[in-house]
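Here are a few exercises to work through with the structure open beside you. Try each task before reading its solution.

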Amino acid sequence: MPGPPRLSESDAPGLVSRFTATAGNELAIAVRWATPPGRTALGDLLDDRVEREARDFAAAHGADWIPAPDVLPGADLGPCRGATLGSRAGSTLSVDCRIVTAAGSLLGERLTIIRREAGAAASATREVWYADAATGALHEGTALYEPGREPRVLALVAEGLRSTGRIGASDPFAGLDDAAARALLADSAVTASGVVVSVPVAGAVAPVAVLVPAHLLHPFLSEAGRAASAAASADEPFVAPPAPVGDDPVDCVFLACASITFDDGPTPLTPGLLDLLDEARAPATFFVQGSSVQRDPDTAARIVDGGHEIANHTWAHPDLTKIEDDEELLREVERTQDAIRAATGVTARSIRPPYGASDERVRELVDLPFVVWDVDTDDWRDPGSDEVVARAVGESRRGSVVLMHDTHEQTVAAVPDVIAGLRARGLTLATVADQFGGSLPGSGLVSHGPR
């Protein structure tokens, strides 16, 4: 008897991996899910679904939701892939995911929700959600079946269980009303050859999966079920809808976020860096020099087109505190604002003072929030890529703003490992502005996001 479908990342490329967790003395929660890129109906649904589950469990145990890294080693290793809380002491909630269907524009994702109370047996629920990017269809696994035909579907499942000796002659699902029968079909995974239905069976530790062949099941499928079955049987590779990296919604109240930032560009290294960020779907914030933007407006435009954040780093990188003339100081900022706007069509919403140097006078003159950092990789000293990774990953915590420069080859070489290392600790990458819900404080000094 086949197990539930277990597709790999190569079967569903381009998905956005999400992970968040919190832990206390007697409580631990870890939540993992994946969404299509950009803002989608399925992504919004899953975001809301897992957040509600996590917050409700925390509240039921008298805890506020405070996301934290390092709850699990190797926390986020990719979409629906990684460790779970296992047998951790106290009360625990694990929400994990599995991609069960990926064909053409159709995506099916299972959420497995495991609740454990101290001293009690675990309880688990599993549900599958489907979305078709081509048609806009969005529904649960139970919606694969025509209402009222659920008992007939369960009769086919019982026949499959009986053929493998899992049950005897009696039908364990006989006599169920439509609602109860429908609930048992929540974990229904569409495949090219039929639907794999996973149901609880007496004596089995985990739900038992039964493949119901498509030709037997077809009379009992709903319109949504027939469409999903046709998409799965077409055997076309899954294609995620295109979207810029910065279009992936990120909630840094629910997720433990950190920002990677790059100063002094754009440079000839910046396009290659953008390639790496786009491949990893890792948003970043670029503090650019106006003179560099003027020389290379196309790369500045690509930063914005990719959904990354672009911000002001003055025209020629002076120490602003040493410019005595107010008008000269403002020209450093305003010329850069003009260059960014001309190249990209957007207005930079923050400034990073060169060397991190500002004082009360400078901050009063410049009507922008001043963004500095709390993690300095010292990459300008050329310590080597390994040291850049160690500092960026090891010193970051929730809300961190990591300083790097896209003027150094070793920094660009370190970026894939920085991204992987931060995610493995359970940190989600976000632009600096997104750490504040998209709107930075109106003015003043910012060294990290909310904590």
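**Exercise 1: a charged patch**

E324, D325, E327 and E328 together form a negative surface patch. The model you are looking at is predicted, so keep that in mind throughout.

Task: take E327, locate its secondary-structure element and decide whether E327 is buried or exposed.

Solution.
- Step 1: E327 lies in helix α9, which covers residues 326-344.
- Step 2: the relative accessible area of E327 is 56%.
- Step 3: exposed means over 50%, so E327 counts as exposed.

**Exercise 2: an enclosed strand**

Task: work out how many residues of strand β10 (residues 257-263) are buried, and which residues lie on each of its faces.

Solution.
- Step 1: the cut-off for buried is under 20% relative accessible area.
- Step 2: 7 of the 7 residues of β10 are buried, so the strand is largely enclosed by the rest of the structure.
- Step 3: split the strand by side. C257, S259, T261 and D263 are on one face, while A258, I260 and F262 are on the other. Both faces are covered.

**Exercise 3: the partners of β10**

Task: find which strand pairs with β10 over 5 bridges, then look for its pairings with β16 and β11.

Solution.
- Step 1: strand β15 (residues 401-405) pairs with β10 in the parallel sense, over 5 bridges. Here D263 stands opposite H405.
- Step 2: strand β11 (residues 285-288) is joined to β10 by 3 bridges, again in a parallel pairing. T261 has T285 of β11 as its bridge partner.
- Step 3: strand β16 (residues 428-429) also runs parallel to β10, with 2 bridges between them. A258 is partnered by L429 in β16.

**Exercise 4: β3 and its neighbours**

Task: determine how many residues of strand β3 (residues 91-103) are buried, and in which sense, parallel or antiparallel, β3 pairs with β2 and with β4.

Solution.
- Step 1: 12 of the 13 residues of β3 are buried, so to speak of this strand as mostly covered is fair.- Step 2: strand β2 (residues 27-35) pairs with β3 in the parallel sense over 5 bridges. I29 of that pairing stands opposite L93 in β3.
- Step 3: strand β4 (residues 106-116) runs antiparallel to β3, and 11 bridges join the two. S94 faces I114 of β4 in this pairing.
- Step 4: finish at the hairpin of β3 and β4, where 2 residues sit between the strands. G104 takes a positive phi near 60° there.

Technical notes. Residues numbered from 1 in each chain as written. Predicted model: local features only at pLDDT ≥ 70, side-chain atom pairs only at ≥ 80, totals over all residues. Heavy atoms only, no water. Patch = residues over 30% accessible without salt bridge, like charges linked within 9 Å, V, L, I, M, F, W, Y side chains within 5 Å. Areas by Shrake-Rupley, 256 points an atom, 1.4 Å probe, with all protein chains shown as cover. Salt bridge = Lys/Arg side-chain N within 4 Å of Asp/Glu carboxyl O. Lys, Arg positive; Asp, Glu negative; His and termini not counted. Charge placed at Lys NZ, Arg CZ, Asp CG, Glu CD. Helix = DSSP H or I, 4+ residues; strand = E, 2+ residues; numbered from the N terminus. Buried < 20%, exposed > 50% of the residue type's maximum accessible area, 1.4 Å probe, protein only. Pairing = 2+ DSSP bridges.
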